[in-house]
Amino acid sequence: MSGKTVRLYTRQNDKTLYQLERDGRVINVRRYVELHFGDIAPLFLESYDWFTKMAAKKVPKPEDVKAPIWCAVRREDCLPPIPGTVVYELDVPEEEVIYFSDLKWDYVLNRIYLPKDDADEARYRQHLKDIGAANGFEFFEGRYKGFYPDEVRTIKESWKRIFEIESLEESGVCGNIWEIRKNDIRRIIKPGETV
């Protein structure tokens, strides 16, 4: 342990305050994700499951945790508290933070190839054109579902690039954690208060 901490911000449902009081910590509950996303929850959960598996390789997760908690690394990127929510301002040990690009996360959610750079993107677009596919999503849910397992593997392999970030100051960088522990909380910000 380095002893260094990182300041993070996360908006959560205010019901987590009861979990915090009862257990001394807050963890993400899979059922909340299902309720939040409704009918499209299966698509999101598949992506979250992939993320959880990859993130656990970077920072081991507690056994009882099923999904990470999304956090902003910059105050200005944190959603403000609205009725029914609170924002936790945290100081978390640096080695417990999983950094990734929220901008690149959209590629995972949309099940499309995440290119390394412009040249790689051009190469991949040409590859799709050569095989007659409009986009990579077709290999997951479209007309090519089940027919191109190598394409699915290639796309999923590209998603690991969400963890490649240049700087914590770049736009869209998030820092996920497995749990919010009571002793990591600097303050709890309620609706009407400034983050």
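1. Contacts of Asp184. In this predicted model, Asp184 touches four residues beyond its immediate sequence neighbours: Glu89, Leu90, Asp91 and Pro93, where residues up to four places away are not counted. Asp184 itself sits in the loop between strand 6 (180-181) and strand 7. Its side chain also makes a polar contact with the side chain of Arg181, at 2.8 Å. Is Asp184 buried or exposed? Its relative accessible area is 8%, and the cut-off for buried is under 20%, so Asp184 counts as buried.

2. Strand 3. This strand covers residues 85-93, and eight of its nine residues are buried. Strand 3 has a partner in strand 1 (residues 5-13), with nine bridges in the antiparallel sense. One pair to look for in the structure is Arg7, which stands opposite Asp91 of strand 3. Asp91 is also one of the residues that Asp184 touches. Strand 3 is joined to strand 7 (residues 185-189) as well, here by four bridges, and these two strands run antiparallel. In that pairing, Val87 has Ile189 of strand 7 as its bridge partner.

3. The sheet as a whole. Which strands make up the open sheet, and in what order? There are three, in the order 1-3-7, and the pairing is antiparallel. Strand 1 and strand 7 are the edge strands, since each pairs on one side only. From one strand to the next the twist averages 15 degrees. A general point helps when viewing the sheet: side chains in a regular strand alternate between its two faces.

4. Helix 1 and the sheet. Helix 1 (residues 16-23) lies across strand 1, strand 3 and strand 7. Relative to strand 3, helix 1 runs at about 45 degrees.

5. Thr10. This residue belongs to strand 1, one of the edge strands of the sheet. Its relative accessibility is 2%, therefore Thr10 counts as buried. The side chain of Thr10 reaches the backbone oxygen of Trp70 at 2.7 Å. Leaving out residues up to four places away in sequence, Thr10 touches Ile69, Trp70, Cys71, Cys78, Val86, Val87, Tyr88, Leu90 and Ile180. Among these, Val87 is the residue whose bridge partner in strand 7 is Ile189, and Leu90 is also touched by Asp184.

6. Helix 3 against helix 4. Two packed helices are described by the angle between their axes and the distance between those axes. For helix 3 (residues 41-58) and helix 4 (residues 102-109), the angle is about 125 degrees and the axes are 10 Å apart. Because of that angle, helix 3 is oblique to helix 4. The crossing of the two helices is right-handed. On the side of helix 3, the contact is made by Phe44, Ser47, Tyr48, Trp50 and Phe51. Helix 4 contributes Trp105, Val108 and Leu109.

7. Arg111. Where is Arg111 found? Its place is the loop between helix 4 and helix 5 (118-131). The backbone of Arg111 deserves a check: its phi is positive, about 55 degrees, although Arg111 is not a glycine. For comparison, most residues other than glycine have a negative phi. Arg111 counts as buried, because its relative accessibility is 1%.

8. Asn28. This residue is in the loop between strand 2 (25-26) and helix 2 (30-37). A polar atom of the Asn28 side chain lies 2.7 Å from the backbone oxygen of Pro68. Asn28 and Ile188 are 160 residues apart along the chain, and their C-alpha atoms are separated by 17 Å.

9. The overall picture. How many helices and strands does the protein have? It has six helices and seven strands. Read from the N terminus, the elements run β-α-β-α-α-β-β-α-α-α-β-β-β. The C-alpha trace spans about 55 × 35 × 35 Å along its principal axes. Of the 195 residues, 44% count as buried; Asp184, Thr10 and Arg111 count as buried. Among contacts between residues at least 6 apart in sequence, 80% join residues at least 24 apart.

Technical notes:
Residues numbered from 1 in each chain as written. Predicted model: local features only at pLDDT ≥ 70, side-chain atom pairs only at ≥ 80, totals over all residues. Heavy atoms only, no water. Buried < 20%, exposed > 50% of the residue type's maximum accessible area, 1.4 Å probe, protein only. Pairing = 2+ DSSP bridges. Polar contact = N/O pair within 3.5 Å; in protein donor to acceptor, adjacent residues only side chain to side chain. Contact = heavy atoms within 4.5 Å. Axes fitted to C-alpha atoms, helices over the stretch in contact; angles between N-to-C directions. Parallel < 35°, antiparallel > 145°, perpendicular 65-115°, else oblique. Left-handed = near helix turned anticlockwise from the far one by under 90°.
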